Amino acid sequence: KPPIAVTEVYIDGQLTETDRLPMHFQGRRHEIAWNYQLQEKEHKILLKRTDSETGGTCYLQEMLIYAGK
């Protein structure tokens with residue numbers, strides 16, 4: 001069974017979701033999180049891995065920011 005990383009997503013200090021991310025290359029989730037309903041202002045985003053037994057490394061390579069303007 002492939003390992004699973006557990007990740008919490010916080011937006012402006014509020015926990016918005018907890019995700020179980022399979023690490024196997026055929027079943028992994030490429031987008032860790034998304035939220036299209038945010039107000040257009042600055043936000044603080046925190047991604048926190050909560051599993052301690054899985055090992056491996058997570059890399060954030062890019063972030064897409066959409067605006068209505």
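The exercises below, each with a worked solution, treat a predicted model.

Residues are numbered from 1 along each chain as its sequence is written, and side-chain values rest on heavy atoms, with hydrogens and water left out. In this predicted model, local features need pLDDT of at least 70 and side-chain atom pairs count only at pLDDT 80 or more, while totals for chains, interfaces and linings use all residues.

**Exercise 1. The chain as a whole**

Task: Find which pattern the chain follows when read along the sequence, and state what percentage of the 69 residues is buried.

Solution: Begin with the secondary structure, which comes to 0 helices and 3 strands; here helices (H or I, at least four residues) and strands (E, at least two) are DSSP runs, numbered from the N terminus. Reading along the sequence then gives the pattern β-β-β. Next, take the extent of the chain, whose C-alpha atoms fill a box of roughly 45 × 25 × 15 Å along the principal axes. For burial, the classes are buried (under 20% relative accessible area), exposed (over 50%) and partly exposed in between, with a 1.4 Å probe and protein chains only. Under these classes, buried residues make up 14% of the 69 residues in the chain.

**Exercise 2. The salt bridge and the surroundings of D51**

Task: Identify which side chains meet in a salt bridge, and determine whether D51 is buried or exposed.

Solution: Start from the general idea that side chains of opposite charge can pair when their charged atoms come close. The rule for a salt bridge asks for a side-chain nitrogen of Lys or Arg within 4 Å of a carboxyl oxygen of Asp or Glu, and the count by this rule comes to 1. The side chains in question belong to R49 and D51, at 2.7 Å from N to O.

Now compare the accessibility classes of these residues: R49 counts as partly exposed because its relative accessibility is 27%, and D51 counts as buried because its value is 18%.

Finally, place D51 in its surroundings, in the segment after β3. Its side chain reaches the backbone nitrogen of V6 at 2.8 Å. Leaving aside residues up to four places away in sequence, D51 touches I4, A5 and V6, where contact means heavy atoms within 4.5 Å.

**Exercise 3. The loop residue D12**

Task: Locate where D12 lies, and describe what its phi angle is near.

Solution: D12 is placed in the loop between β1 and β2. The phi angle of D12 is near 55°, which is a positive value in a residue other than glycine. To complete the description, D12 is partly exposed, with a relative accessible area of 37%.

**Exercise 4. Y66 and its distance from P3**

Task: Determine whether Y66 is buried or exposed, and state how far apart in space Y66 and P3 are.

Solution: First locate Y66, which lies in the segment after β3. Y66 counts as exposed because its relative accessibility is 63%. Then consider the pair Y66 and P3, which are 63 residues apart in sequence and, from C-alpha to C-alpha, 32 Å apart in space.

Key: Polar contact = N/O pair within 3.5 Å; in protein donor to acceptor, adjacent residues only side chain to side chain.
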